[in-house]
Amino acid sequence: MDASRGRDAWCSASPDSLMRWPYFEPWVATLAFALFINGYQLVERGGDWRAAVRDVLFDRDTPVLAAGLGYFVGIGLFRVVVAPAAVDWGCPSSAGAFAAELVYGVLAYDVAFYCLHRGMHALCYKLHARHHRSGPRIAAHHVLDQSVVDAVLHVLTNIVAQRRGPFGAKNWLARLAHNLVVTFLLTDSHADTPSRLCLRFPRLLAGAARHREHHAHSGPPYQQFGGWLDALFSPPPPAKIS
């Protein structure tokens, strides 16, 4: 009983806790992006932290600070229009339930983003073209090189993916973990280093591992993380026999 009470004390969000602040979750995602982008930029720059900071904060082609401001403005407008999602503020019922909610949310994001991504390439590429202007020469901070509309659609995709879990209202810890995983995988797929996690798991994270190919020619893979949707719906054209 005492062990259960101790567990509930640290992993439940009381009504007056900071975790229930409406902007706590967006701040976690923002700080996660900052951590992952700066970390990868430091690796890309061979440990030169001054160059890494310049890339992130002062690259006129990729205004990271403006992207962060736009993110919060978009969240604020969304909250005015749509009621907040129901959240389970207690402890996860088990480690398995926590893992199921986390995997479910990341898969939901990956499927929703694939549909959005293919649609933008097919129907309104001008809104997405800015993200491809660097060609295959992408680096970690290019993950945020987007038009305003493109960025808003990305945020909305993540919000929709988090609206419900596989068991109903999603647990708050699974929601935070989702934001950490998604921001990391997005940054990892754009980073300019052979140390990328996706390269360690090229089958599981085929879309992320081959994301440079997509930036190079704007074709498949369209899936951000996995590769099974591309395999089913957008396979590469057969090689020409000379």
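**View A. Asp-145 is buried, with a relative accessible area of 2%.** Welcome to this predicted model! Why does Asp-145 count as buried? Its relative accessible area is 2%, and the limit for the buried class is anything under 20%, so Asp-145 falls inside that class. The side chain of Asp-145 meets that of Arg-133 in a salt bridge, with 3.0 Å from N to O. Both residues sit in the loop between α5 and α6 (148–161), twelve residues apart, and the pair is one that links distant parts of the chain. Arg-133 has a relative accessible area of 46%, so this residue is classed as partly exposed. Side chains of opposite charge can pair when their charged atoms come close.

**View B. Glu-25 and Arg-175 form a salt bridge.** Look for the closest N and O atoms of the two residues, which are 2.9 Å apart. Glu-25 belongs to helix α2 and Arg-175 to helix α7, so find both helices before you zoom in; the pair links distant parts of the chain, 150 residues apart. Are the two partners buried or exposed, or somewhere in between? Glu-25 counts as partly exposed at 22% relative accessibility, whereas Arg-175 is buried, at 10% relative accessible area.

**View C. Asp-192 pairs with Arg-212 in a salt bridge.** Here the closest N and O atoms are 3.2 Å apart. Asp-192 lies in the loop between α7 and α8, while Arg-212 is in helix α9 (residues 211–217), so the salt bridge ties together parts 20 residues apart in sequence. Asp-192 is partly exposed, its relative accessible area being 40%. Elsewhere in the model, salt bridges with shared partners join Arg-130, Arg-133 and Asp-145 into one network. The count of salt bridges comes to five.

**View D. The largest nonpolar core has 20 residues.** Which of them have the most contacts inside the core? They are Phe-33, Tyr-109, Val-143, Val-182, Leu-186, Leu-205 and Phe-225. Helices α2 (24–44), α5 (95–123), α7 (172–190) and α8 (206–209) each supply at least two residues of the core. Helix α5 gives the most, with six residues. This kind of gathering is a familiar theme: in soluble globular proteins, nonpolar side chains tend to be buried together.

**View E. Val-182 and Asn-158 touch each other.** Leaving out residues up to four places away in sequence, Val-182 touches Val-106, Tyr-109, Asn-158 and Phe-225. Now switch your attention to Asn-158, which is found in helix α6. With the same kind of neighbours set aside, those within four places in sequence, Asn-158 is in contact with Tyr-109, His-178, Asn-179 and Val-182. Asn-158 has a relative accessible area of 15%, so this residue is classed as buried.

**View F. Helix α6 has 14 residues and reaches 20 Å from its first C-alpha to its last.** That reach is close to the 20 Å expected at 1.5 Å a residue. Which residues of α6 are buried? They are Asp-150, His-154, Val-155, Thr-157, Asn-158, Ile-159 and Ala-161. Val-152 also lies in α6, and with 34% relative accessibility it counts as partly exposed. Try finding Tyr-71 as well: Val-152 and Tyr-71 are 81 residues apart in sequence, and their C-alpha atoms are 7.2 Å apart in space.

**View G. Six named residues make a nonpolar patch on the surface: Val-103, Leu-107, Val-111, Trp-228, Leu-232 and Phe-233.** The patch covers about 590 Å². Helices α5 and α10 (228–233) are the elements that give two or more residues to it. Phe-233, one of the patch residues, lies in helix α10. With a relative accessible area of 53%, Phe-233 is exposed.

**View H. The whole chain has ten helices and two strands.** Stepping back from the close-ups, you can follow the elements from the N terminus in the order α-α-α-α-β-α-α-β-α-α-α-α. Of the 242 residues of the chain, 43% count as buried. Of the contacts with a separation of 6 or more, 68% are between residues 24 or more positions apart. The chain exposes about 13200 Å², and carbon and sulfur atoms supply 67% of that area.

Technical notes
Residues are numbered from 1 along each chain as its sequence is written. This is a predicted model: local features need pLDDT of at least 70, side-chain atom pairs count only at pLDDT 80 or more; totals for chains, interfaces and linings use all residues. Side-chain values use heavy atoms; hydrogens and water are left out. A nonpolar core is a set of buried Ala, Val, Leu, Ile, Met, Phe, Trp, Tyr and Cys residues joined through side-chain atoms within 4.5 Å. Buried means under 20% relative accessible area, exposed over 50%, partly exposed in between (1.4 Å probe, protein chains only). Helices (H or I, at least four residues) and strands (E, at least two) are DSSP runs, numbered from the N terminus. Contact means heavy atoms within 4.5 Å. A salt bridge is a side-chain nitrogen of Lys or Arg within 4 Å of a carboxyl oxygen of Asp or Glu. Patches are made of residues with over 30% relative accessible area and no salt bridge: like charges are joined within 9 Å, nonpolar side chains (Val, Leu, Ile, Met, Phe, Trp, Tyr) within 5 Å. Accessible areas come from the Shrake-Rupley method with a 1.4 Å probe; for residues, only the protein chains shown count as cover. The expected span of a helix is 1.5 Å times one less than its number of residues.
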